[in-house]
Amino acid sequence: MHKVGLIVNPIAGMGGKVGLKGTDGPEIVTLARQLGATAEAPFRALQALLELEILKDSIEIITCPEAMGENVAKKCGFKVAIIGTAKEETSADDTRQAASEMMKLQIELLLFAGGDGTARDIYSSIKDAIPVIGIPAGVKMHSSVFAINPKRAGELAFLYLTGKVKEIKEAEVMDIDEELFRKGIVSAKLYGYLKVPFERRCVQNIKTATTPSEKYEQEAIAADIVESMERNYIYIVGPGTTTRQIMQLLGLDYSLLGVDVVKDGKLIAKDVSEKQLLEIVDDKHSKLIVTPIGGQGYILGRGNQQLSPRIIKKIGKDNIIVISTKSKLHSLKGAPLLVDSDDDEVNKMLAGYIKVITGYKEYAVYPVSF
Amino acid sequence: MSESKKAKLRDFHQAHWDEPVIFELSTRGARGILVHEAEEEIKAEVGDGISSIPEHLRRKEPPALPELFQAQVLRHYLHLSQATLGADLNIEIGQGTCTIKYSPKINERFATSSKVTELHPFQAEGTVQGALEILYKTDLFLREISGLSRFIFQPGGGSHGLFAIASMIRAYHELRGESNKRDEIITTIFSHPSNAAAAAVKGFKVITLYPDKDGYPDIDALKEAVSDRTAGLMITNPEDHGLFNSKIAEFTRIVHEAGGLCSYDQANANGILGMTRALEGGFDFCFFNLHKTFSSPHGCGGPAVGAVGVRKEFEQFLPVPLVDFDGERYFLNYDIKHSIGKVRMFYGVLPVVVRAYAWIMSLGEEGLKEVARVAVLNNNYLMRNISKIRGATIPYDAPGKHRLEQVRYSWEKLTKDTNVTTEDVQRRMCDFGMHYWTSHHPWIIPEPFTLEPTESYSKDELDEYVAALRKVSEEAYTDPQKVKNAPYNSCIHKIDPSLLDDPEKWAITWRSYLKKHRKDINA
């Protein structure tokens, strides 16, 4: 019997349809309802669950009462176990609590329907303990934990539970500040990484090699970087799983979400603030290593705000090293890499083309825009 | 230009024999032919035939080969042949970039004639003048077609040809004392991935350019990429999506000005045969796959020929020997000043060159141009009809924009709407007796498929292929599960691809299969 968790954030996505740019917080939910929004997330969760129907007899769904999962799971005829008690109005707290309890019940996989806010809540409870699949249902979906559509989320769950997909990758959990966003300011933060099942598309053709795993690509990039590191240079290593591989290859401690500083193979500062960094940066001998964060291809200004315009100016374009796995670059489908630095001068300085390290001795010349 | 409404889908059903691996059919002691004992007279002359072989070279045990009767062997391979969808069996337009055209059977007669098959590569030049003449004259044809000055036929395939070119680029910079500095090769993402691979094998760093918004290689990115580290450009044109880059001479100029050399991947030259040439495009090297454009069949991954050509000043780097003619006789010329050596034994896969020679001779100059015209016409007809299929899109398309010999299409919309992917379509197409291939990685174009109709197929045949694709699309929108569970009428249903990724499970020889899966059985 497979134990699968299901959390539906019933209010997710409601703000979007009525132009509210998000649904964080009870006042916004009330406002959204007044504007005529209806719950979309349960319907989307249902679409995903239908893909699992064939496994009905070998799955037990652990879920929350009523609109938070029970209703849709029962509608599909699954064996259902309920945790927690029913409430009139659900909140972020309910999601966090349910996720923690499901973790204790040792579920195999957690399916959730929601947006960035829901992903954040789940991340805060389970970190990297259980693989999750996001059923896209929110207004904001900057995180890369979501499947392209609900059906695909269900299919991926099916492949994972039946052992056809075994690989797991780390996917970014990002969220933007809704308050600021309503005022037209985008301030995205990288909160962490959730584990998601990852299907490598295998093509049965002798002329086509299987795509290498993301980890292999990251290792190849790290090997290239480490091999070309120069003495007496300060290397500022930005956040991300791709940059993390460099620190691991060097055998150094690191912060996944923060900025670390390396010199001559030694860690000289970990998880530095913008202010600390300003003191460390030497305008002649500093190099900055960044990688695109999230699905939109931002190399600066989203998820790595420590790297402020002041710092970028001091380092200079020639000393910025961009690294990206090919799969990440290709997922942009031809769209440029982006910078969003709050400083027009810096944005313009970085726009144009930049050499991106994509593997060991492999590079791309790729456009950057803002 | 509307598609014929006659196109009818076949009620196809492939044979399913549940055929064992030949080793499993083995019966101890079974023989195809019982060879007679040698006669006394012969024994007296050669002894027992075994003892003249040095002791340490003699097998103690017979090899573990399968033992079968003749009829069993024949039946086994006929069964297997019925489980394929080969080029002579279906409307083979589904494997774009590979130029699978109809190869006239008369050319097969030439290639399998004893005059070819009974030759030995160590024979004296005087006894193989005819074979050398064919090699020499095929070289002359390719010079005419490309504008370059000399071709060799040693490489056993396209990637091997690229390897020879990358070796010559390296030799050129070495001769000038610049090989330490010039260590970067530039290519594009829609060039065949072997361009990048060959460069990497030769120790070059590889810089890849991405397309601009119209799908052409980004010329501004090229300007940014070139430097005094540039060793060369290795590029395809038209690229794998069938768009011809009309700025190609500008590309080669920029690279030459930076001090690099330019190599033209013409593995597939079907859309430009007799229309444009490598020389006028500013290229120093090119190669043609004789098993694509020049109608030699692909075999099963070979043997093939990647014919490599060079401009005059690079002849000094060619692999040896060259086939030369002194006005009276053909001979092998090993006297090449800065030759990179050999890239393969002997002079090339002769039967492949013979087929290409015969094909070119049968068509002549006008015929070759007609091949390109019909291939391009077929492709554009196909493209306009596929554009009408629900869920199929043509990336980088614009009104009035044509393609050359192939198109990389996308099912991105179909996948978004129905969750049916290009691999699902691939499996379902088998049910109509059609071969369909997705595309090379990387999948820059989401859910891709690449079709190349060549000059070999009629309008009705193209219509039949389109009708099958349309049917699959209709099914995807009405009954997606039907497509996802396909194929139903093919010899093999679904393969679990995760096995291909598991070193514990994959087995490419019988011996490793026994080791990994049948530990209990003695070999």
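**A sheet in chain A and a helix pair in chain B**

Okay, so let's start with chain A: there's an open sheet of five strands, in the order S3-S2-S1-S4-S5, and the pairing is parallel. At the edges you'll find strand S3, residues 79-82, and strand S5, residues 132-136, each of which pairs on one side only. From one strand to the next, the twist averages 25 degrees. Keep in mind that this is a predicted model.

Now have a look at S1 and S4 of chain A. S1 covers residues 2-8 and S4 covers residues 109-114, and the two pair in the parallel sense over five bridges. If you want a spot to find by eye, A:Val8 stands opposite A:Ala113 in S4(A).

Next, the helices on that sheet. Helix H5 of chain A, residues 92-104, lies across S1, S2 and S4 of chain A, and runs at about 175 degrees to S1(A). Helix H6 of chain A, residues 116-126, packs on the sheet too, touching S1, S4 and S5 of chain A. The direction of H6(A) makes about 145 degrees with that of S4(A).

Over to chain B. How far apart are the axes of H6(B) and H7(B)? They're 9 Å apart, with H6(B) being residues 158-175 and H7(B) residues 194-201, and the packing angle is about 45 degrees. That angle is why we call H6(B) oblique to H7(B). The crossing is right-handed.

Who's making the contact? From H6(B), the residues include B:Leu162, B:Phe163 and B:Ala166; from H7(B), B:Ala198 and B:Val201 are among them. By class, that contact has seven nonpolar residues, four polar and no charged ones.

Conventions
Residues numbered from 1 in each chain as written. Chains lettered and ligands numbered in written order. Predicted model: local features only at pLDDT ≥ 70, side-chain atom pairs only at ≥ 80, totals over all residues. Pairing = 2+ DSSP bridges. Helix = DSSP H or I, 4+ residues; strand = E, 2+ residues; numbered from the N terminus. Axes fitted to C-alpha atoms, helices over the stretch in contact; angles between N-to-C directions. Contact = placed C-beta atoms within 7 Å. Parallel < 35°, antiparallel > 145°, perpendicular 65-115°, else oblique. Left-handed = near helix turned anticlockwise from the far one by under 90°. Nonpolar A, V, L, I, M, F, W, Y, C, P; charged D, E, K, R; others polar.
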